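This report describes the internal cavities of a predicted model, then a helix that contributes to their lining and the nonpolar core. The sequence and structure are shown below.

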Amino acid sequence: RASTPLRLARSPSRLVRASGNTPGRCPTEGARAPLSASREKSLQAPAALPTASKMMQALSFAITPGAIARGAPARKATVSARRGAARTVRAAASAPAAAVEASEVDFAAYIAEKNAAIEQALSDSVPEMYPERLHESMRYSLLAGGKRIRPCLCIAACELMGGSMETAMPTACALEMIHTMSLIHDDLPSMDNDDFRRGKPTNHKVYGEEMAILAGDALLSHAFEHIGRETPKTVPADRTLRVIVDVGKCVGSEGLVGGQVVDIMSEGADADEVTLDTLKYIHAHKTGALLEVSVTAGAILAGADEEDVERLGKYAQLIGLAFQVVDDILDCTATSEELGKTAGKDEAVGKATYPSLVGLEESRKIADDLIKEAKELLSEYDREKAAPLIGLADYIGNRKN
């Protein structure tokens with residue numbers, strides 16, 4: 001929960017950064033290109049701000065899946081000795097730049113291998129049918145491309161735990177439907193009011209607001225139907241039911257929607273109302289919850305024990321927060337063309353971000369520490385099977401859009 005009550009402000013200019021600079025301003029002051037060394041140095045957070053290591057302690061997560069950012073004390077998870085090749089994965093977790101680049105290449109190869117099957121499954125999941133306009137709108141956004149990170153996470157976690165792509169695919173598609181719904185609704189004029197997504201006009205710009213809202217609603221409900229109907233009958237029913245419950249929880253008031261609400265309430269709020277704890281809550285729920293369940297659902301479908309589900313859930317929480325910290329950084333430093341969506345939106349509405357609260361340099365340190373910790377959680381698993389998840393962590397830390 002946010003440490004202090006939040007209330008809507010009338011003007012975005014009321015958001016004042018903790019560092020005391022211009023209210024509501026991104027540290028780059030509107031620049032959209034990578035900063036010079038001298039400029040970046042000038043944007044570093046004041047000495048009084050907490051260090052990255054202290055920030056990481058403050059930003060610790062509850063390790064129990066589904067208990068995202070609720071302040072539950074983390075407990076050390078033990079891992080059975082049955083996993084092999086731990087040493088090589090530990091090396092990868094703290095590897096130099098060349099090894100990081102290699103793991104990103106592995107992840108890119110994994111994405112390329114799975115992408116064709118994922119795209120075909122997504123297309124099959126929402127066929128063209130009556131009413132044509134509705135299904136056309138659903139397919140427009142669902143099949144608009146993207147990296148398919150959530151489906152790949154689900155499949156990779158399932159395979160890591162001994163399952164197959166076929167077992168995870170229905171849930172993987174459902175997660176992408178939910179993610180697409182969140183993008184359609186997030187782009188609406190009453191929300192973030194964006195005109196472009198993935199380099200294309202947003203759904204409401206093509207089909208109108210009414211159809212965009214209904215397309216998102218239809219994708220959300222269809223996601224649960226798809227898991228229940230299409231998951232192979234070889235998967236025990238209790239596993240499928242648990243996945244449906246977990247996915248439902250991650251979307252609702254304790255997950256994605258809850259994070260979105262606090263995000264809206266934080267726009268233009270006074271600086272003392274938007275703390276790092278508030279920001280952590282927003283990111284852990286609005287972005288992290290769906291990434292977490294993508295991993296844990298894949299593991300559950302494969303029959304993973306609770307120890308593994310917890311460990312992989314913790315990994316996903318960390319990369320989920322890192323994903324959003326990097327997203328905040330890119331909103332300040334990248335162009336709209338690079339992002340495929342409007343850059344600078346956070347600053348324009350007075351939204352609190354990591355760079356606006358602690359500066360760019362400290363934000364990068366936080367992201368790096370989150371990625372490192374996430375990779376260390378995979379150190380006990382077979383290196384080859386864990387490679388996609390390691391590569392994804394590195395990709396998130398170094399992504400450009």
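## Internal cavities

Two cavities of 30 Å³ or more are present in this predicted structure. The largest has a volume of about 130 Å³. Thirteen residues line this largest cavity, and those closest to its centre are Tyr140, Ser141, Ala144, Arg197 and Asn203.

Helix H5 (132-142), helix H7 (165-186) and strand E2 (200-201) are the elements that each give two or more residues to the lining of the largest cavity. By class, this lining comprises five nonpolar, four polar and four charged residues.

## Helix H7

Which element gives the most to the lining of the largest cavity? The answer is H7, with three residues. The helix H7 has 22 residues and spans 30 Å from its first C-alpha to its last, which is close to the 32 Å expected at 1.5 Å a residue.

Of the 22 residues of H7, 21 are buried, that is, under 20% relative accessible area. The helix H7 is therefore largely enclosed by the rest of the structure.

## Nonpolar core

The largest nonpolar core has 90 residues, and the members that touch the most others are Leu153, Leu312, Tyr315 and Leu392. Helix H13 (residues 306-333) gives the most to this core, with 13 residues.

What does Leu312 contact, leaving aside its neighbours within four places in sequence? Its partners are Leu160, Met161, Val295, Ala299, Leu378, Tyr381 and Leu389.

Methods
Residues are numbered from 1 along each chain as its sequence is written. This is a predicted model: local features need pLDDT of at least 70, side-chain atom pairs count only at pLDDT 80 or more; totals for chains, interfaces and linings use all residues. Side-chain values use heavy atoms; hydrogens and water are left out. A nonpolar core is a set of buried Ala, Val, Leu, Ile, Met, Phe, Trp, Tyr and Cys residues joined through side-chain atoms within 4.5 Å. Buried means under 20% relative accessible area, exposed over 50%, partly exposed in between (1.4 Å probe, protein chains only). Helices (H or I, at least four residues) and strands (E, at least two) are DSSP runs, numbered from the N terminus. Contact means heavy atoms within 4.5 Å. On a 1 Å grid over the protein atoms alone, a cavity is a set of points where a 1.4 Å probe fits but cannot get out, and a pocket is an open set with protein on both sides within 12 Å along at least five of seven lines; lining residues have an atom within 4 Å of a point. Grid points are joined across faces, edges and corners, and a volume is the space filled by probe spheres set on the points. Ala, Val, Leu, Ile, Met, Phe, Trp, Tyr, Cys and Pro count as nonpolar, Asp, Glu, Lys and Arg as charged, and the others, Gly among them, as polar. The expected span of a helix is 1.5 Å times one less than its number of residues.
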